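I opened this notebook to keep track of what I looked up, entry by entry, in one structure. The entries follow the order in which I went through it.

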Amino acid sequence: MRIGDVARGAGVSVRAVRYYEQQGLLTAERSPSGQRLYRQDAVTLVRFFQQMYAAGLTSRRIAELLPCWDSGHTDAEQRAMLRAERDRIQAKVDDLQAALDRLDEVIAITDTHP
């Protein structure tokens, strides 16, 4: 796939795709004319990167996750890291859910007092 196709498919800018490549998260072959050519699963990978960045992971941490993604296999250290990240994200979700519940309370109160 070409870089524009990856960007469009993932809903990101071409610049973002280049950034992921610079960070070592995504690799591209070069066509004879020098164009970047990405694997077929590049769109899925870029979406994964976006989700992980949104969850607060760094490029380095995402790079550590990639072997797990590619092979489906992990060692004990990788599994511990995955679980720690999951726990951290779950805590964020819980905090956001608490904030959402509070907003719902405020909305309910204001709906009864125009």
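Entry 1, a residue in the long stretch of sequence after the others.

I am working with a predicted model, and I began with the accessibility of Ala84, which at 44% relative accessibility counts as partly exposed, since partly exposed covers what lies between under 20% for buried and over 50% for exposed. I placed Ala84 in helix H5, which covers residues 76-112. I then took a distance along this helix and found the C-alpha atoms of Ala84 and Leu103 separated by 29 Å, with their positions 19 residues apart along the chain.

Entry 2, two further residues of H5.

I looked up Leu100, which also lies in helix H5, and noted that its 45% relative accessibility puts Leu100 among the partly exposed residues. From Leu100 to Ala42 I read 34 Å, C-alpha to C-alpha, for a pair 58 residues apart in sequence. Asp104 is found in H5 as well, and at 43% relative accessibility Asp104 is again partly exposed. For Asp104 and Ala55, which are 49 residues apart in sequence, I noted a C-alpha separation of 23 Å.

Entry 3, H4 against H5.

How do H4 and H5 cross, and how far apart are their axes? I found that the two axes come within 11 Å and cross at roughly 125°, which makes H4 oblique to H5, and I recorded the crossing as left-handed. On the H4 side the contact is made by Arg61, Glu64, Leu65, Pro67 and Cys68, and on the H5 side by Gln78, Met81, Leu82 and Glu85. Sorted by class, the residues of this contact are five nonpolar, one polar and three charged.

Entry 4, H3 against H4.

I turned next to H3 and H4, which pack at an angle of about 135° with their axes 11 Å apart, so that H3 is oblique to H4. The crossing of H3 and H4 is right-handed. H3 brings Thr44, Leu45, Phe48, Phe49, Met52 and Tyr53 to this contact, where they meet Ser59, Ile62, Leu65, Leu66 and Trp69 of H4. When I sorted these residues by class I had nine nonpolar, two polar and no charged residues.

Entry 5, Ser59.

Is Ser59 buried or exposed? At 10% relative accessibility Ser59 counts as buried, because the cut-off for buried is under 20%. Its place is in helix H4, and, leaving out residues up to four places away in sequence, I found Ser59 touching Tyr19, Gln23, Leu25 and Tyr53.

Entry 6, the nonpolar core.

Which residues have the most contacts inside the largest nonpolar core? I noted Val17, Leu26, Val46 and Phe49, in a core of 24 residues. The elements that give two or more residues to this core are H1, helix H2 (14-22), H3 and helix H4 (59-71), and its largest share, seven residues, comes from H3. As background I wrote down that nonpolar side chains tend to be buried together in soluble globular proteins. I then followed Phe49 outward and, setting aside its neighbours within four places in sequence, found Phe49 in contact with Tyr20, Leu25, Leu26, Ile62 and Leu66.

Entry 7, H1 against H3.

I compared helix H1 (residues 3-10) with helix H3 (residues 42-54), and the axes come within 9 Å and cross at roughly 50°, which makes H1 oblique to H3. H1 passes H3 in a right-handed crossing. Asp5, Val6, Gly9 and Ala10 in H1 are the residues that meet Ala42, Val43, Val46 and Arg47 in H3, and by class this contact has five nonpolar, one polar and two charged residues.

Entry 8, Gln40.

Where in the chain does Gln40 have its place? I found Gln40 in the loop between strand E2 (36-37) and H3, and with a relative accessible area of 65% Gln40 is exposed, as the cut-off for exposed is over 50%. My last distance was from Gln40 to Val6, which are 34 residues apart in sequence and 8.9 Å apart in space, C-alpha to C-alpha.

Technical notes
Residues are numbered from 1 along each chain as its sequence is written. This is a predicted model: local features need pLDDT of at least 70, side-chain atom pairs count only at pLDDT 80 or more; totals for chains, interfaces and linings use all residues. Side-chain values use heavy atoms; hydrogens and water are left out. Axes are lines fitted to C-alpha atoms, for helices over the stretch in contact, and angles run from 0 to 180 degrees between N-to-C directions. Angles under 35 degrees count as roughly parallel, over 145 as roughly antiparallel, 65 to 115 as roughly perpendicular and the rest as oblique. A crossing is left-handed if the near helix is turned anticlockwise from the far one by less than a right angle, and right-handed if clockwise. Contact means heavy atoms within 4.5 Å. Ala, Val, Leu, Ile, Met, Phe, Trp, Tyr, Cys and Pro count as nonpolar, Asp, Glu, Lys and Arg as charged, and the others, Gly among them, as polar. A nonpolar core is a set of buried Ala, Val, Leu, Ile, Met, Phe, Trp, Tyr and Cys residues joined through side-chain atoms within 4.5 Å. Buried means under 20% relative accessible area, exposed over 50%, partly exposed in between (1.4 Å probe, protein chains only).
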